[in-house]
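Please open the model in a viewer and display it as a cartoon. The tour below proceeds one selection at a time.

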Amino acid sequence: MKLRDILLALSLPVILFSCVPTRKFKASEAKYSALSSQYADLQSKLQDCQRTMRDSTEAYNRRSTVSDERVEGLKQNNSILLNQLKDLSVITGSQAESIKKSLDNIGAKDAYIQDLQSAIARKDSLNMALVMNLKGAIGNLDDKDINIKVEKGVVYIDISDKLLFESGSYDVTARAKEVLGKVAKVLNNQPDIEFLVEGHTDSNPYKKGVLLDNWDLSVKRATAVTRILQNDYAIAPARITAAGRSEYIPVSSNDTPEGRAANRRTRIVILPQLDQFFKLLEKK
């Protein structure tokens, strides 16, 4: 009985194997082979990734070490150089200490420069906001009659003389008061801003009544605009400067009627707040 059980156990795998078709066995064998190959590929890629990460980490550590060594080397070189200069009596001990402090403060000076750049960026942002407010307040006027722009960090408002004055006169038109009122509204919302009102003419000689030349005409036009801003729109006069520039800063050629018309203009210049800039320098 025992022998029969043993023979049955030994013959069972043969019987089961003979029951599995050859085709299915080969398919299973091929699938196993493919999976084994994929596993080997994944193992190889994993090893490559680990090797790359290890190499990158080592390279970074080497660069950090070299950088630290270079900085430390520069500091040592500075100290050695200063000691040599003192030994040679080229500089005194106090001078050497002053030089050392200057070298040590390079980082602080870089931060100072960054602060100034940030301040300039803030100023530029404020200028752009002012321009947008002015354009929004004035509306859709022809750019030939009024032009608002920023050049080299300064805001300019150019208004043509035909919009502001009667021909050959410094009497302000009713339309001009409307436009100046819109400009004044924006300027009143910025009480810390000071500005310059400039009168400009073309090159044609001018003489009428008490006015002797284009100098007189440009000044009278500037002061006429200034009085309206002060008297009609309550802008503090201490914020305003009036100036006549005559014919000497043209924006176009005076050889054509179009060029002369462009040159006859009143310009409002938003003055940079230099006192705030100098206070920033003093803080450092």
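**A strand, its partners and a helix**

Begin by selecting β3 (195-200) together with β5 (residues 265-270); β3 and β5 run antiparallel and are joined by 6 bridges. Helices (H or I, at least four residues) and strands (E, at least two) are DSSP runs, numbered from the N terminus, and two strands pair if DSSP finds at least two bridges between them. Within this pairing, Phe-195 has Ile-270 of β5 as its bridge partner.

This is a predicted model, in which local features need pLDDT of at least 70, side-chain atom pairs count only at pLDDT 80 or more, and totals for chains, interfaces and linings use all residues. Residues are numbered from 1 along each chain as its sequence is written, and side-chain values use heavy atoms, with hydrogens and water left out.

Next, add strand β2 (residues 154-160), which is antiparallel to β5 and joined to that strand by 6 bridges. Two pairs may be labelled here: Ser-160 lies opposite Arg-265, and Tyr-156 has Val-269 as its bridge partner.

Now show the side chains of β5. Are they buried or exposed? Arg-265, Arg-267 and Val-269 point one way, Thr-266, Ile-268 and Ile-270 point the other way, and all are buried, that is, under 20% relative accessible area, where exposed is over 50% and partly exposed lies in between (1.4 Å probe, protein chains only).

Widen the selection to the whole sheet. This open sheet has 5 strands in the order β1-β2-β5-β3-β4, with mixed pairing. At its edges are β1 (146-151) and β4 (240-244), each of which pairs on one side only. On average, neighbouring strands are turned by 20 degrees against each other, direction ignored.

Then select helix α7 (residues 214-231), which packs on the sheet and touches β3, β4 and β5; contact means heavy atoms within 4.5 Å. The direction of α7 makes about 160 degrees with that of β4. Such angles run from 0 to 180 degrees between N-to-C directions, with axes fitted to C-alpha atoms, for helices over the stretch in contact.

Colour the buried residues of α7, among them Leu-217, Arg-221, Val-225 and Ile-228. Their cover includes α5 (161-164), α6 (174-188), β3, β4 and β5.

Finally, centre on the start of α7, where a side-chain oxygen of Asp-213 comes to within 3.1 Å of the backbone nitrogen of Trp-215.

Methods
A polar contact is a pair of N or O atoms within 3.5 Å; within protein, one must be able to donate a hydrogen and the other to accept it, and residues adjacent in sequence count only if both atoms are side-chain atoms.
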